[in-house]
Amino acid sequence: MEGTEHRQPNQRLQEHMNEAGFRQNELADNVNVFLIGAGHPGTVSDRTVRQWLTGKTRWPHPRQLQALEAVFGCTAEELGFVPPPGRRTNTSTPESPVLRRTFFTATTGTTAAAVVPLFSARPNRVGTTDVIELRKGLDALMALDAHRGGHEALESAALSGARQALDLQQKAATQSIRKRLFTVAADYTATAAWSAIDARRSDRAQTHLDRALYLAGMAKDGAAQLRVWNSYAMLAHQRQEHTKAIDAGYAAQAVGICRRDPLYASLAHARTAVGHATKGDRQAALRSLGYAEAALSKADRDQPRPSWIAFYDLSELTALMAIVRDRIGDSEEAEAASHRALSSIPRQFHRNRALATARLALAQLHQREIEEACATASSVFDLMAGYPIPGRMRSLLGDFYRDLITLAPDAAIAGEWGDRFRSEWSRA
């Protein structure tokens, strides 16, 4: 509930944020981690936090209050919030296992929210229930990534989850449980790596991927291994190591799970297609795309799979097809593929929709549709309003600006778009 009478800045909340080392967007990230882990939408933005700080919102929604209390470890009143007349001041409700979360201080000194359940009250015998609880935390992180993109709080939370899984692995009741916990640790570590890739923190990503591949090997888990090779390919592309990106795609294809599950095979072929296109090998790129389409047509979407692969379906393959087509010079086909992808990418994959929009802008630009391309590219900033733009997306928009001033250096709209790009970049 919001009130406008006697609006005063919430100094107590500001003091708690200063003590924790939170900026507005970082507090929003941590509250969203808790909300998503509890099964609610993670819709808090830096604008929401600003309204709390200015006093415009004196008593947030109960779910937000519960998350804030968990983040800071104190009551809503201690955080400076004022309940409406007649409202009970005790906002706490009995927690379900999904809501039971712990928050930690990362080694960098930055406080971040972890969606890892508390196990301190459980006996030393670790079993299936513990694996399930850890998986819920991992699913929450994947949901946050789909909405917000990679960032430091998510990376730190994922590394904390990996540590928790490995601690429990030492106490596991059976070899089967130990293997499953190795898989969970590998997936958490790969999530940290992916977050670093999305933020374009390549050195950290490399370290996490090396560790994740080891853990996936210990688990003998093909899905986790394929995930790591997929991320290796993306990291190699960021580093302009395009031959390595192709090799990582082939390594992903060689993982045994690709022979058993065509969905994974399709992703591996699609990633290889992007590598070939970037190298300028048109025939190989189109051949790999054909393999990816054929494999996906055979995949059973109802088969149980880990949450990290939920992003991959026909809409994502179509988005990758747009990248391939644009890089081999088929800009019209790339634009059509981007439109098809945007018509079907699920709304919860907020970051992926923004990326597909940026790719659409590039395809339009490469057809000399300057004004339309600039309008499309500008809409990316609107899609990401309230959140810092992840490094990978910023780099893509930088590619757009580079091509824009190359193709239309004297166009007035190019200068206008460049001004907005620099302004948005400085706030990211």
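These legends walk through several close-up views of a predicted model.

**View 1. Two aromatic rings sit together on helix α9.** This view picks out one pair of rings, and the structure holds 7 aromatic pairs. The rings of W229 and Y232 have their centres 5.2 Å apart and their planes at 40°, so this pair counts as tilted. Both residues belong to helix α9, which runs over residues 222–238. W229 and Y232 are 3 residues apart, about one turn of the helix. An α-helix has 3.6 residues a turn, so residues three or four places apart point the same way. The two partners don't share the same burial label: W229 is partly exposed because its relative accessibility is 25%, while Y232, at 13%, counts as buried.

**View 2. Y401 and W417 pair up across two helices.** Here the ring centres of Y401 and W417 are 6.0 Å apart and the planes are at 40°, so this pair is tilted. Y401 comes from helix α18 (residues 391–407) and W417 from helix α19 (residues 412–427), so the pair ties together parts that are 16 residues apart in sequence. Y401 counts as buried, with a relative accessibility of 17%. W417 is buried as well, at 2%. Pull back a little and there is a cluster to find: ring pairs link F381, F400, Y401 and W417.

**View 3. R402 in helix α18, with G418 for company.** R402 is found in helix α18. It is partly exposed, since its relative accessible area is 46%. G418 is 16 residues away from R402 in sequence, yet the C-alpha atoms of the two are 9.6 Å apart in space.

**View 4. Helix α1 has a buried side and an exposed one.** Helix α1 covers residues 11–20, and L13, M17 and A20 are buried in it. These three residues span an arc of only 65° around the axis, which puts them on the same side of α1. Now look at the face turned away from that buried side: it carries N18 and E19, which are exposed. The ends of this helix deserve a glance too. At the N-terminal end, N10 acts as a cap, with a side-chain oxygen 3.4 Å from the backbone nitrogen of R12. After α1 comes G21, whose phi is positive, near 80°.

**View 5. Helices α9 and α12 run alongside each other.** Helix α12 spans residues 262–279, and its axis comes within 11 Å of the axis of α9. The two axes cross at roughly 15°. Angles under 35 degrees count as roughly parallel, so α9 and α12 get that description. As for handedness, α9 passes α12 in a left-handed crossing.

**View 6. Helix α9 also packs with α7.** This is the helix that holds W229 and Y232. Its partner here, helix α7, covers residues 175–198. The axes of α7 and α9 are 10 Å apart, and the helices pack at an angle of about 15°. They are therefore roughly parallel to each other, and their crossing is left-handed.

**View 7. Helices α16 and α18 pack together.** Helix α16 takes in residues 350–365. It packs with α18 at an angle of about 15°, and the axes are 10 Å apart. With that angle, α16 and α18 are roughly parallel to each other. The way α16 passes α18 is left-handed. Helix α18 is also where Y401 and R402 are found.

**View 8. K220 has a positive phi in a loop.** K220 sits in the loop between α8 (202–219) and α9. Its phi is near 55°, a positive value in a residue other than glycine. K220 is exposed, with a relative accessible area of 64%.

**View 9. R368 has a positive phi in another loop.** R368 belongs to the loop between α16 and α17 (370–383). Phi of this residue is near 65°, a positive value, and R368 is not a glycine. At 54% relative accessibility, R368 counts as exposed.

Key: Residues numbered from 1 in each chain as written. Predicted model: local features only at pLDDT ≥ 70, side-chain atom pairs only at ≥ 80, totals over all residues. Heavy atoms only, no water. Phe/Tyr/Trp six-rings, centres within 6.5 Å; stacked < 30°, edge-to-face > 60°. Helix = DSSP H or I, 4+ residues; strand = E, 2+ residues; numbered from the N terminus. Buried < 20%, exposed > 50% of the residue type's maximum accessible area, 1.4 Å probe, protein only. Arc of directions from axis to C-beta. Polar contact = N/O pair within 3.5 Å; in protein donor to acceptor, adjacent residues only side chain to side chain. Axes fitted to C-alpha atoms, helices over the stretch in contact; angles between N-to-C directions. Parallel < 35°, antiparallel > 145°, perpendicular 65-115°, else oblique. Left-handed = near helix turned anticlockwise from the far one by under 90°.
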